[in-house]
Amino acid sequence: AGRRDCCRYRSRKVRSTVRYRSKATQPSLLTAPRRTPARYGLPVNDEFDILVRCAEPDDLGIMEEIYIQSFYEFQPKCSIEQYLLSPRTWALIAFVRIKGGNIPAGYVLARNAAGEAEILRIGVAPTFRKRGVGSALLTKMEGIAHIRGARSIFLEVGIYNQNARALYSKAGYQVLGQRPNYYKKATGKRVTALVLHKNVEK
């Protein structure tokens, strides 16, 4: 009782583990200085804060830039807006806190329907990959999806996307099948997708 499906959390990565605690007393992320990840050149240390919250309309530009870096689509902003037209679709955004500033690091788009949830898109800025951002987004997304009634989560991932597959495997996702020629790369080449599944019913 009393749980919110989009409350704010603070996570700290220490020795490759991610731990969450309530962030209700922390200042709003929107009041902190922002820099786009493509233009932020500082390296990420082994220990830092990852802040994950529900995306807001003002975050669309940030998500657009990370989307471009992740998927290379011609009109990424339009694509994100189209996803969010459905009332069942929602988004989370992650920030990395460095030197007092919250730097946009990643996002996830998800959809709930009929006791299931689907990860539509998840993207992490290149600067912050393999730093725990993807894991933090997945953990928060799974919790919200479960609160909204999901007993399982599905997604598709490119068969040659080894980094993403490693992330999902570590999080407990299992392969259900394949979708041949599912993705189209910038070169025009078609790529098979794997269908992954995870049970989140507790």
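**Salt bridges and aromatic pairs in the predicted model**

A salt bridge, defined as a side-chain nitrogen of Lys or Arg within 4 Å of a carboxyl oxygen of Asp or Glu, joins the side chains of Glu156 and Arg179, with an N to O distance of 3.1 Å. This contact connects distant parts of the chain, since Glu156 belongs to strand β7 (residues 152-158) and Arg179 to strand β8 (residues 174-184), 23 residues apart. Strands (E, at least two residues) and helices (H or I, at least four) are DSSP runs, numbered from the N terminus. The structure is a predicted model, in which local features need pLDDT of at least 70 and side-chain atom pairs count only at pLDDT 80 or more, whereas totals for chains, interfaces and linings use all residues. Residues are numbered from 1 along each chain as its sequence is written, and side-chain values use heavy atoms, with hydrogens and water left out.

Accessibility was classed as buried (under 20% relative accessible area), exposed (over 50%) or partly exposed (in between), with a 1.4 Å probe and protein chains only. Glu156 counts as buried because its relative accessibility is 17%, while Arg179, at 36%, is partly exposed.

Across the whole structure, the search finds four salt bridges. In general, side chains of opposite charge can pair when their charged atoms come close. Another of these contacts is formed by Lys198 and Glu142, at 3.1 Å from N to O. This pair also links distant parts of the chain: Lys198 lies in strand β9 (residues 190-199) and Glu142 in helix α3 (residues 133-147), with their positions 56 residues apart in the numbering. Lys198 is buried, with a relative accessibility of 16%, and Glu142 is likewise buried, with a value of 12%. A further salt bridge is found between Arg111 and Glu118, whose closest N and O atoms are 2.7 Å apart. Here Arg111 is partly exposed, at 31% relative accessible area, and Glu118 is partly exposed as well, at 22%.

Aromatic contacts were assigned to rings of Phe, Tyr and Trp (its six-membered ring) with centres within 6.5 Å; planes under 30 degrees apart count as stacked, over 60 as edge-to-face and the rest as tilted. This rule yields three aromatic pairs. In one of them, the ring centres of Tyr168 and Tyr173 are 5.7 Å apart and the planes stand at 70 degrees, so the arrangement is edge-to-face. Both Tyr168 and Tyr173 are buried. Tyr182 and Tyr183 also form an edge-to-face pair, with 5.0 Å from centre to centre and 80 degrees between the planes. Tyr182 is partly exposed, with a relative accessible area of 37%, and Tyr183 is partly exposed at 26%.
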